[in-house]
Amino acid sequence: MYYSTIKKHDIADGPGVRVTLFVSGCTNHCEGCFQPQTWDFHYGQPYTKETQQEILTALSPSYIQGLTLLGGEPFEIENQRELAGLLRAVRECFPEKDIWCYTGFVLEKDLVPGGSRYCEATEEMLAQIDVLVDGRFVLAKRNLMLRFRGSENQRLIDLRASRKSGRIVLAE
């Protein structure tokens with residue numbers, strides 16, 4: 001897996017001050033994408049054990065609320081296996097911090113058994129994520145007034161509440 005950027009003090013991609021990992025590789029190719037260079041699966045730098053340690057160190061200050069995964073596309077199958085390990089490490093080291101993930105795929109269509117982006121790591125990733133922002137960015141539905149998303153078709157899904165209720169629960 002490759003990644004383009006690690007932001008160690010992000011305030012735009014989830015609540016509070018966050019560490020954000022922008023992974024490389026995306027097959028969605030949304031019109032109006034804010035960083036199309038990350039569509040390339042080899043853009044940026046290789047993700048290594050040192051990269052993971054850098055992220056864990058950046059998460060350690062008490063003022064950091066959590067981790068956000070963006071892309072590119074975290075749920076490309078090529079990225080999921082490595083990210084599942086990262087999320088496991090974050091949960092072990094920082095159980096009090098939240099994890100957000102943005103995906104252009106749709107939870108109940110693409111990230112379920114038989115879905116286009118389901119693999120052996122998908123369930124583990126989803127089990128570690130607190131809030132999933134799903135759905136492609138649609139330029140015609142762009143709305144700058146939306147909180148933590150770019151287009152009106154995208155959803156903020158509270159995965160913890162969804163797991164408990166057995167149905168999709170949208171985040172407030």
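**Figure 1. Five helices and seven strands make up the protein.** The model shown is predicted. From the N terminus onward, the elements follow the pattern β-β-β-α-β-α-β-α-α-β-β-α. For 172 residues, a compact globule would be expected to have a radius of gyration near 16 Å, and the 15 Å of the protein agrees with this. Along the principal axes, the C-alpha atoms occupy a box of roughly 40 × 35 × 35 Å.

**Figure 2. Burial, contacts and charge across the protein.** Of the 172 residues, 51% are buried. Among contacts with a separation of 6 or more, 64% link residues that lie 24 or more positions apart. The exposed area of the protein is about 8500 Å², and carbon and sulfur atoms contribute 53% of this area. The protein carries 20 positive and 23 negative charges, and the mean positions of these two sets are 4 Å apart.

**Figure 3. Seven strands form an open sheet with mixed pairing.** The strand order in the sheet is β3-β1-β2-β4-β5-β6-β7. Strands β3 (45–46) and β7 (155–158) each have a single partner strand and stand at the edges, so one side of each lacks a neighbour in the sheet. Strands of a sheet pair through backbone hydrogen bonds, in either a parallel or an antiparallel sense.

**Figure 4. Strand β1 pairs with β3 in the antiparallel sense.** Two bridges connect β1 (residues 2–10) with β3. In β3, P46 is the bridge partner of Y2, and Q45 is the residue opposite Y3.

**Figure 5. Strands β1 and β2 form a hairpin.** The two strands run antiparallel and are joined by five bridges, with β2 spanning residues 17–23. Y3, which faces Q45 in β3, also stands opposite V23 in β2. Six residues lie between the strands of the hairpin, and G14 adopts a positive phi near 140 degrees.

**Figure 6. Strands β4 and β5 run parallel.** Four bridges join β4 (residues 64–70) to β5. One of the paired positions is G66, whose bridge partner in β5 is D98. In the order of the sheet, β4 is placed between β2 and β5.

**Figure 7. Strand β5 is largely enclosed by the rest of the structure.** This description applies because five of the five residues of β5 (residues 98–102) are buried. The side chains of the strand divide between two directions: D98, W100 and Y102 point one way, whereas I99 and C101 point the other way. Residues on both sides are buried, D98 and W100 as well as I99 and C101. D98 is also the residue that forms the bridge with G66.

**Figure 8. The surroundings of L70 in strand β4.** L70 has a relative accessibility of 6% and therefore counts as buried, the threshold being under 20%. Neighbours within four places in sequence aside, L70 is in contact with D13, T20, L21, F22, V23 and Y102. Among these contacts, V23 is the residue of β2 that stands opposite Y3, and Y102 is a buried residue of β5. The C-alpha atom of L70 is separated by 15 Å from that of R81, which is 11 residues away along the chain.

Technical notes:
Residues are numbered from 1 along each chain as its sequence is written. This is a predicted model: local features need pLDDT of at least 70, side-chain atom pairs count only at pLDDT 80 or more; totals for chains, interfaces and linings use all residues. Side-chain values use heavy atoms; hydrogens and water are left out. The radius of gyration is taken over C-alpha atoms; the globule rule is 2.2 Å times the number of residues to the power 0.38. Buried means under 20% relative accessible area, exposed over 50%, partly exposed in between (1.4 Å probe, protein chains only). Contact means heavy atoms within 4.5 Å. Accessible areas come from the Shrake-Rupley method with a 1.4 Å probe; for residues, only the protein chains shown count as cover. Lys and Arg count as positive and Asp and Glu as negative; His and the chain ends are not counted. The place of a charge is taken as NZ of Lys, CZ of Arg, CG of Asp or CD of Glu. Two strands pair if DSSP finds at least two bridges between them.
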